Amino acid sequence: MLFIDLRQWGEPFEKKYIQFSTEQIQQIAENFHNWQRVGYEDTYHNEPEYCYPASLDEIEKKGWSLVPSKYIDFRNRDEQIDFDTKMKQLQADMSALLQQEEESKLQQKDLFEKLVYSL
């Protein structure tokens, strides 16, 4: 059985749906069809966080669970983060947002004063 996890794919559609592009649908279909062909070892390959073909023995060992995350390898992205660099970027972003907020407050205050109402 081929497990495919598409949580990292597509674009959000409405509040709870994901919409795939034509190219993504073609790539998913091609991957599935490559896996189904005789000699798939030459045309198909596993990709972490995307797909994995599990044998019936593997599925049985996992209690017949069909949850893709039990079979597909996931990378721990937290181990690859340089926290000092990330925090400096967040600090700069937050500083810019706070400055924009102050400017917005002043513009609103000026607007009310032009309307002869003070805050």
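## Working through a predicted model

Helix H4 covers residues 83-114, and both lysine 88 and aspartate 84 sit in it, four residues apart, or about one turn of the helix. Keep in mind that this is a predicted model. Let's try some exercises on it.

### Exercise 1: Salt bridges

Find out how many salt bridges the whole structure has, and which residues make them.

*Solution.*
- Start with the idea: side chains of opposite charge can pair when their charged atoms come close.
- Searching the whole structure turns up two salt bridges.
- In one of them, the side chain of lysine 88 meets that of aspartate 84, at 3.4 Å from N to O. The cut-off is 4 Å, and this pair falls within it.
- Now see where the partners sit: lysine 88 and aspartate 84 are both in helix H4, about one turn apart.
- Another salt bridge joins the side chains of glutamate 102 and lysine 105, at 3.9 Å from N to O.
- Glutamate 102 and lysine 105 are also about one helical turn from each other, because they are three residues apart in helix H4.

### Exercise 2: Buried, exposed or in between?

Sort aspartate 84, glutamate 102, lysine 105 and leucine 90 by how accessible they are.

*Solution.*
- You'll need the cut-offs: under 20% relative accessible area is buried, over 50% is exposed, and partly exposed lies in between.
- Aspartate 84 has 46% relative accessibility, so it counts as partly exposed.
- Glutamate 102 is at 44%, so it is partly exposed.
- Lysine 105 has a relative accessible area of 44%, so it is partly exposed too.
- Leucine 90 belongs to helix H4, and with 44% relative accessibility it counts as partly exposed.
- One extra about leucine 90: its C-alpha atom is 40 Å from that of tyrosine 44, which is 46 residues away along the chain.

### Exercise 3: Positive phi

Look at tryptophan 64 and valine 116, and say what their phi angles are and where each residue lies.

*Solution.*
- Here's the background: most residues other than glycine have a negative phi.
- Tryptophan 64 isn't a glycine, yet its phi is positive, about 60°.
- You'll find tryptophan 64 in the loop between helix H3 (56-61) and H4. Its relative accessibility is 52%, so it counts as exposed.
- Valine 116 also has a positive phi, about 65°, although it is not a glycine.
- Valine 116 lies in the segment after H4. At 73% relative accessibility, it counts as exposed.

### Exercise 4: Nonpolar residues inside and on the surface

Which residues make up the largest nonpolar core, and which ones make a nonpolar surface patch?

*Solution.*
- The largest nonpolar core has seven residues: Leu2, Trp9, Ile28, Trp35, Tyr44, Tyr50 and Cys51.
- Apart from that core lies another one of five residues, including Phe3, Ala54, Ile59 and Ile72.
- Zoom in on tryptophan 35: if you set aside neighbours within four places in sequence, it is in contact with Met1, Leu2, Tyr40, Tyr44 and Pro53.
- Over to the surface: Leu111, Phe112, Leu115, Tyr117 and Leu119 make a nonpolar patch of about 580 Å². Leucine 111 is in helix H4.

### Exercise 5: Confidence

Which element of the chain has the lowest mean pLDDT, and which has the highest?

*Solution.*
- Begin with the chain: its mean pLDDT is 85, and 97% of its residues reach 70 or more.
- Then go by element: helix H2 (residues 40-43) has the lowest mean, 74, and H4 the highest, 92.
- A reading tip to finish: where pLDDT is low, predicted coordinates should not be read in detail.

Conventions. Residues are numbered from 1 along each chain as its sequence is written. This is a predicted model: local features need pLDDT of at least 70, side-chain atom pairs count only at pLDDT 80 or more; totals for chains, interfaces and linings use all residues. Side-chain values use heavy atoms; hydrogens and water are left out. Helices (H or I, at least four residues) and strands (E, at least two) are DSSP runs, numbered from the N terminus. Buried means under 20% relative accessible area, exposed over 50%, partly exposed in between (1.4 Å probe, protein chains only). pLDDT is the predictor's confidence in each residue, from 0 to 100. Patches are made of residues with over 30% relative accessible area and no salt bridge: like charges are joined within 9 Å, nonpolar side chains (Val, Leu, Ile, Met, Phe, Trp, Tyr) within 5 Å. Accessible areas come from the Shrake-Rupley method with a 1.4 Å probe; for residues, only the protein chains shown count as cover. A nonpolar core is a set of buried Ala, Val, Leu, Ile, Met, Phe, Trp, Tyr and Cys residues joined through side-chain atoms within 4.5 Å. Contact means heavy atoms within 4.5 Å.
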